[in-house]
Amino acid sequence: MLETLKKQWFVVLIAIIFICFTVFIIYDTNKGKLPGKTDNGKDVVATFNGKNITADDVYNELYENGNGNSILNIRLQAAVIDESVKTTKEIKETAKKEKELITQQIESQASQNGMSVEDGIKDTLARVGMQEDEFDYFCLIQAKMKKIQDDSFVKICKDNQGRTVSHIIVQMKDADNPTEEEMKVIKQIEKELKTMSFEEVAKKHADTGDASAPNGGYLGYMDKNTAFVESFKTAALKLKKGEVSDWVKGKSESYNGWHLIRVEETDPKTIQKDDKAQQSISQQIAQNYPNVIQDFVVDAAKKLKFEYANDDIKKDVESFLKLK
């Protein structure tokens, strides 16, 4: 495996080209086409600011932990994203917040694992093929990925009837055959909604075991691809902003019950600014739209100008990035 990776160092080199932007010397494995340059007997693939980078440097850094292919993919994606998404003041602020958040997470994990924060940061970066002095760059890429995700979300929300929803649920032994006691709760909720807000009623019935009840029944973002029971999803997608459904029977392996559903918001940009919706948005994108970043990278790569030392390099890079 390692020998094969050594032969494919020119693909790895493209990642460095993107990151450093200026390449002075490209080494060609077909030595007859370009003159070879060596440093202490090792083939030089590039020189930046007077420092030689050898083929051994490249594959040792990226493949020594056994995750070469995934690391190479991450580095290439990071390079394309960095080149394609403008570093605005807003993104810099997001990167700063990402750095604080990631550092806090690493501090927590490091204390549990008995390591220093510095070692925790180094280990985190090593997993994506980065050095410890690239922490700011790593956080910047995270911020730019969030920007890509945010921009993509507006279209996802429009195309898939996205909305934020709340609910009140009365859990039952059998949703098709509610008991007399369960029906009393249904009637009580209907009475309370005439004088109390939806959130207040949801909170009042928090003892039903519904985790969303303390938050006023707020469930967050959903759309037509969300993994809710079909009866719930069908009813929720028919409602407009502010509307409340009739009682909806819900049945799954984990629960039986009746829901009242309220749609909180349907405007994508308003949903996007809702801090309460962020976790559910991220979960939905990860579960139902996992290729958002990958699709962006492929499209962005097509717009970038590549310079190749030979046709073999061109073929491998285009294949790797799915370029046509």
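Here's a quick tour of one sheet and the helix that lies across part of it. Keep in mind that this is a predicted model. The sheet is open and has four strands, and helix 8, residues 180-192, lies across strand 4 and strand 7.

**The sheet**
- Reading across the sheet, the strands come in the order 5-4-7-6, and their pairing is antiparallel.
- At the edges you'll find strand 5 (218-222) and strand 6 (248-251), each of which pairs on one side only.
- Neighbouring strands in this sheet aren't lined up perfectly: on average they're turned by 45° against each other, ignoring direction.
- In general, the strands of a sheet pair through backbone hydrogen bonds, either parallel or antiparallel.

**Zooming in on strands 4 and 5**
- Strand 4 covers residues 163-171, and four bridges join it to strand 5, with the two running antiparallel.
- Want a spot to look for? Find V165, which stands opposite G220 in strand 5.

**Helix 8**
- Helix 8 runs at about 135° to strand 4, and the other strand it lies across, strand 7, spans 256-265.
- Its length checks out: at 1.5 Å a residue, the 13 residues of helix 8 should span 18 Å, and the end C-alpha atoms are 19 Å apart, which agrees.

**Two faces of helix 8**
- Tucked away in helix 8 are the buried residues E182, I186, I189 and E192.
- These buried residues cover an arc of only 130° around the axis, so they sit on the same side of helix 8.
- Strand 4, helix 9 (198-204) and strand 7 are among what covers them.
- On the face turned away from that buried side, helix 8 carries the exposed residues E180, E181, K187 and K191.

Conventions
Residues are numbered from 1 along each chain as its sequence is written. This is a predicted model: local features need pLDDT of at least 70, side-chain atom pairs count only at pLDDT 80 or more; totals for chains, interfaces and linings use all residues. Side-chain values use heavy atoms; hydrogens and water are left out. Two strands pair if DSSP finds at least two bridges between them. Axes are lines fitted to C-alpha atoms, for helices over the stretch in contact, and angles run from 0 to 180 degrees between N-to-C directions. Contact means heavy atoms within 4.5 Å. The expected span of a helix is 1.5 Å times one less than its number of residues. Buried means under 20% relative accessible area, exposed over 50%, partly exposed in between (1.4 Å probe, protein chains only). The arc is that of the directions from the helix axis to the C-beta atoms.
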